[in-house]
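Let's take a walk through this structure together, helix by helix and loop by loop. Keep the 3D view open as you read.

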Amino acid sequence: MVPESVQRAWQALDEKKKLKISRGLAKRQPQIFAHWVEAAGLRSFRQESLLNRKAGTASRFDGALFKAAQGALAADVLVAYFTELDPEVNEEYLAMLKGAGNEEEATRIGIYVQLATEYKEWPLLDLYLATALWMGEIDESELDTIKNQATEA
């Protein structure tokens, strides 16, 4: 099941950001994109419509993202995007985690606070943090803690 925080962050993205994610996946992760197309029931649509999220495909893509395979599709799409297509923040997280010498939840949350402070203008920050907490099996309520601490910093 996809946490509400991830769904809200996706819905809050403007269409240009969603388009960038979709096109990036189609180009660099075609298997994941094909699975997304299949889950959305869009196989009969022209490739151009799919890549541009046109002709009614955007709402169907968005609807399928969180429902398909009990959220596994959303995990695949978002993890692929943040680790392969736009990896800068995630790579910095991994380097900070390695430098910290432990992977305890408090350490990870502290690193997320640092990243939230450093990348506060990044339009995908909320989606990245919500996804990272979900994948790291940290309660989504910690997202508010991270945001509050980043604001205070």
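A good place to start is where two helices meet: α8 and α9 pack at an angle of about 170 degrees, and their axes are 11 Å apart. Because angles over 145 degrees count as roughly antiparallel, α8 is roughly antiparallel to α9. On the α8 side, the contact is made by Tyr112, Leu115 and Ala116, while α9 brings Leu125, Tyr128, Leu129, Ala132 and Leu133. Sorted by class, this contact has 8 nonpolar residues, with no polar and no charged ones. Please keep in mind that you are looking at a predicted model.

Now let's look at α8 by itself. The helix runs over residues 105-118, which is 14 residues. From the first C-alpha to the last, α8 reaches 20 Å, close to the 20 Å expected at 1.5 Å a residue. Which of its residues are buried? They are Thr107, Arg108, Ile109, Ile111, Tyr112, Val113, Leu115 and Ala116. An α-helix has 3.6 residues a turn, so residues three or four places apart point the same way. Try picking out Arg108, Ile111, Tyr112 and Leu115 in the view; these are among the buried residues of α8. The buried residues of α8 pack against α7 (88-100), α9 (125-135) and α10 (142-152).

From α9, move on to another of its partners. The axes of α6 and α9 come within 11 Å and cross at roughly 120 degrees. That angle makes α6 oblique to α9, and the crossing is left-handed. If you would like to select the contact, α6 supplies Ala74, Ala75, Leu78, Val79 and Phe82, and α9 supplies Leu127, Tyr128, Thr131, Trp134 and Met135. By class, the contact of α6 with α9 has 9 nonpolar residues, 1 polar residue and no charged ones. You may recognise Tyr128, which is part of the contact with α6 and also part of the contact between α8 and α9.

Next, follow the chain into the loop between α9 and α10, where you will find Glu137 and Ile138. Are these two residues buried or exposed? Glu137 counts as exposed, because its relative accessibility is 72%. Ile138 counts as buried, because its relative accessibility is 5%. Glu137 also has a positive phi of about 55 degrees, although it is not a glycine. As for Ile138, what does it touch beyond its neighbours within four places in sequence? It is in contact with Glu105, Arg108, Ile109, Tyr112 and Leu133. Of these, Arg108, Ile109 and Tyr112 are among the buried residues of α8, and Leu133 belongs to the α9 side of the contact with α8. Looking further along the chain, the C-alpha atoms of Ile138 and Ala153 are 15 residues apart in sequence and separated by 22 Å.

Two more loops are worth a visit. Gln70 sits in the loop between α5 (57-67) and α6 (72-85). Its phi is near 50 degrees, a positive value in a residue other than glycine. Gln70 is exposed, because its relative accessible area is 70%.

Finally, head back towards the start of the chain, to the loop between α2 (15-28) and α3 (30-39), where Gln29 lies. Gln29 counts as buried because its relative accessibility is 15%. Not counting residues up to four places away in sequence, Gln29 touches Gly24, Ala80 and Glu84.

Key
Residues are numbered from 1 along each chain as its sequence is written. This is a predicted model: local features need pLDDT of at least 70, side-chain atom pairs count only at pLDDT 80 or more; totals for chains, interfaces and linings use all residues. Side-chain values use heavy atoms; hydrogens and water are left out. Helices (H or I, at least four residues) and strands (E, at least two) are DSSP runs, numbered from the N terminus. The expected span of a helix is 1.5 Å times one less than its number of residues. Buried means under 20% relative accessible area, exposed over 50%, partly exposed in between (1.4 Å probe, protein chains only). Contact means heavy atoms within 4.5 Å. Axes are lines fitted to C-alpha atoms, for helices over the stretch in contact, and angles run from 0 to 180 degrees between N-to-C directions. Angles under 35 degrees count as roughly parallel, over 145 as roughly antiparallel, 65 to 115 as roughly perpendicular and the rest as oblique. Ala, Val, Leu, Ile, Met, Phe, Trp, Tyr, Cys and Pro count as nonpolar, Asp, Glu, Lys and Arg as charged, and the others, Gly among them, as polar. A crossing is left-handed if the near helix is turned anticlockwise from the far one by less than a right angle, and right-handed if clockwise.
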